[in-house]
Amino acid sequence: MSHLPSSSVRDHMKWAGLLGCEAVLSSMALMQASSMAAPPKKMMAPLGHAPPQRERPDRAPQSHMILPSGMSCPPLLIRKEGEFQAPRLLDEKEMRANEDMQQKKKNRKSVTPCKVREQEGRGGKGTGGDENGPSSKVQKNFICDHCYGAFRSGYHLKRHILIHTGVKPYACSMCDMRFFQRYHLERHRLTHTGVKPYACSMCDMRFFQRYHLARHSLTHTGVKPYACSMCDMRFFQRYHLARHSLTHTGVKPYACSMCDMRFFQRYHLARHTLTHTGVKPYACSMCDMRFFQRYHLARHSLTHTGVKPYACTMCDMRFIQRYQLERHSLTHTGVKPYACTMCDKRFFQRYHLARHSLTHMGVKPFACTMCDMRFVQRYHLARHSLTHTGVKPYACTMCDKRFFQRYHLARHSLTHMGVKPYACSMCDMRFIQRNHLERHSLTHTGEKPFACDMCDMRFIQRYHLERHKRVHSGEKPYQCERCQQNFSRTDRLLRHRRLCQGRSVAKVENQPCCEPRPYPQEPPPAPPTWSPLHPPPGRLAV
């Protein structure tokens, strides 16, 4: 059986690959059939001058052509029944357009065995030689009916058609995953066996896939091949660049189906969805706490281990979270980045600014459920609630006293230690409490901040003002238990008792809110009486 010369067949096959049209391939099949019946000279005739073929109306149309000697064109190259068209030749302009289209498809593909074979054929000697020779290019003669893509073998075409049909013939025997290619299945099986065949030569990391290793290697070299065209940012991975580009365009492609929130990244959407479902998938193994995010779990675990990974470079303080370190660093620099827009106050933390802003608006969002009191801060409400329950959670370790607030306990502890941390800058007096120091400082400045609204009197202490107001109101809350006489001040009651009882000063039963200083129960010693005849000890009689 005779065949066409290799150069002629190669030309026709090239046209078939460039055109992506089964009509040309069927034309080539007609030429082969006629050439085998004709003399050899006629087989060299151009395709356009081939002798016309007679049509036989008695023959039914076939899905592919039957050639002499029982040969037939591959069925993948011919359209289905009823779609066959008469062969036609393209002019030079259409051929050039199809060549450009195929070249673009070729440039979009990565390095394939076709290109490897082309480079091996060239041998690094440039582009000289026969352009159509087997050493310079591998023909792609198998055309996809769906997208008209050209492939170099029937296997590649069949594998490509699976993308259109959606069939995944390779199934994993250990899970429900299915794949288009056997290689993908083999790569997936490594996740079940735990084998990581690709090892990094610079560290101990190992990977399931080669491209994971190649991507990891960039972290050692520091090369970031993907650059943003709108800013100076560079990235290790193309996906990171594509994700970053959304920040310039403002596009948030991932929308929540339960609310109007949109997100730049898919994992942000997945994390947000948990807030609607209430599912906290990350559980602490040491307690019953659960978290929405893995990062929150990792941060919480540090509270069990006691590890504080973030150390201050200016002092010995260490912190569990990075933002705590950053917030602490502001105390060294003195920078208060959060400024109030209604006054000149500035704050180290945003939360402090938000809490301060409530004082301008007069909003007290935290209400007591047992009375009508409202508070600006939550901890003020929690502290106030103890007055209803009577619980004093803070106990002194040196005596039996208990307190509502920790601050009160700390202040009380100073009375046991004898420490007076607050010193007056104008004299040598020291005080246990700050408010005692502030009150004492007024004696140096002469300032009397508490003014009576019924007269011109002013006082250094609020207690003195309240005592003075009883003069205007006529209130006398203190009563002598013997003669039933009432007094407005405790000191006047005590002075009266000395005269009324004629004995030791009794303790006041109905004490005011501010207890007066207690007096001793024994009567004071009588002042010595002496005369010139009886002088006091140490003196001579006259």
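In this predicted model, the side chains of Glu-481 and Arg-497 meet in a salt bridge, with nitrogen and oxygen 3.1 Å apart. The pair links distant parts of the chain, since Glu-481 lies in the loop between strand S25 (478-479) and strand S26 (486-487), whereas Arg-497 belongs to helix H18 (residues 490-501), the two residues being 16 apart. Their surroundings can be described by accessibility: Glu-481 is partly exposed, with a relative accessible area of 36%, while Arg-497 is buried, with a relative accessible area of 1%.

The loop that carries Glu-481 also holds Gln-484, which is found between S25 and S26. The side chain of Gln-484 reaches the backbone oxygen of Glu-481 at 3.3 Å, and Gln-484 counts as partly exposed because its relative accessible area of 46% falls between the limits of 20% and 50%. Glu-481 is therefore engaged through its side chain by Arg-497, and through its backbone oxygen by the side chain of Gln-484.

By the rule applied here, the count of salt bridges comes to two. Besides the pair of Glu-481 and Arg-497, Arg-489 forms a salt bridge with Asp-491, their closest N and O atoms being 2.9 Å apart. Asp-491 is partly exposed, with a relative accessible area of 36%.

The accessibilities of residues named in this report are set side by side below.

| Residue | Relative accessible area | Class |
|---|---|---|
| Glu-481 | 36% | partly exposed |
| Arg-497 | 1% | buried |
| Asp-491 | 36% | partly exposed |
| Gln-484 | 46% | partly exposed |
| Met-342 | 51% | exposed |

Met-342, the residue in the last row, lies in the loop between strand S15 (338-339) and strand S16 (346-347), and it is classed as exposed because its relative accessible area of 51% is over 50%. Together with Met-361 and Val-363, Met-342 makes a nonpolar surface patch of about 290 Å².

Two helices, H9 and H14, can be described in turn. Helix H9 (residues 238-249) has 12 residues, which should span 16 Å at 1.5 Å a residue, and its end C-alpha atoms are 17 Å apart, in agreement with that expectation. Within H9, the residues Leu-241, His-244 and Leu-246 are buried, and what covers the buried residues of the helix includes strand S7 (226-227) and strand S8 (234-235). H9 is followed by Gly-250, whose phi is positive, near 80 degrees.

Helix H14 (residues 378-389) has 12 residues and reaches 17 Å from its first C-alpha to its last, close to the 16 Å expected at 1.5 Å a residue. Its buried residues are Leu-381, His-384 and Leu-386, and their cover includes strand S17 (366-367) and strand S18 (374-375). Just after H14, Gly-390 takes a positive phi of about 80 degrees.

Turning to the protein as a whole, there are 18 helices and 26 strands. Of its 542 residues, 24% count as buried, Arg-497 being one of the residues classed in that way. Among contacts between residues at least 6 apart in sequence, 15% join residues at least 24 apart. The protein exposes about 39200 Å², of which carbon and sulfur atoms supply 54%.

Key:
Residues numbered from 1 in each chain as written. Predicted model: local features only at pLDDT ≥ 70, side-chain atom pairs only at ≥ 80, totals over all residues. Heavy atoms only, no water. Helix = DSSP H or I, 4+ residues; strand = E, 2+ residues; numbered from the N terminus. Expected span 1.5 Å × (residues − 1). Buried < 20%, exposed > 50% of the residue type's maximum accessible area, 1.4 Å probe, protein only. Contact = heavy atoms within 4.5 Å. Salt bridge = Lys/Arg side-chain N within 4 Å of Asp/Glu carboxyl O. Polar contact = N/O pair within 3.5 Å; in protein donor to acceptor, adjacent residues only side chain to side chain. Patch = residues over 30% accessible without salt bridge, like charges linked within 9 Å, V, L, I, M, F, W, Y side chains within 5 Å. Areas by Shrake-Rupley, 256 points an atom, 1.4 Å probe, with all protein chains shown as cover.
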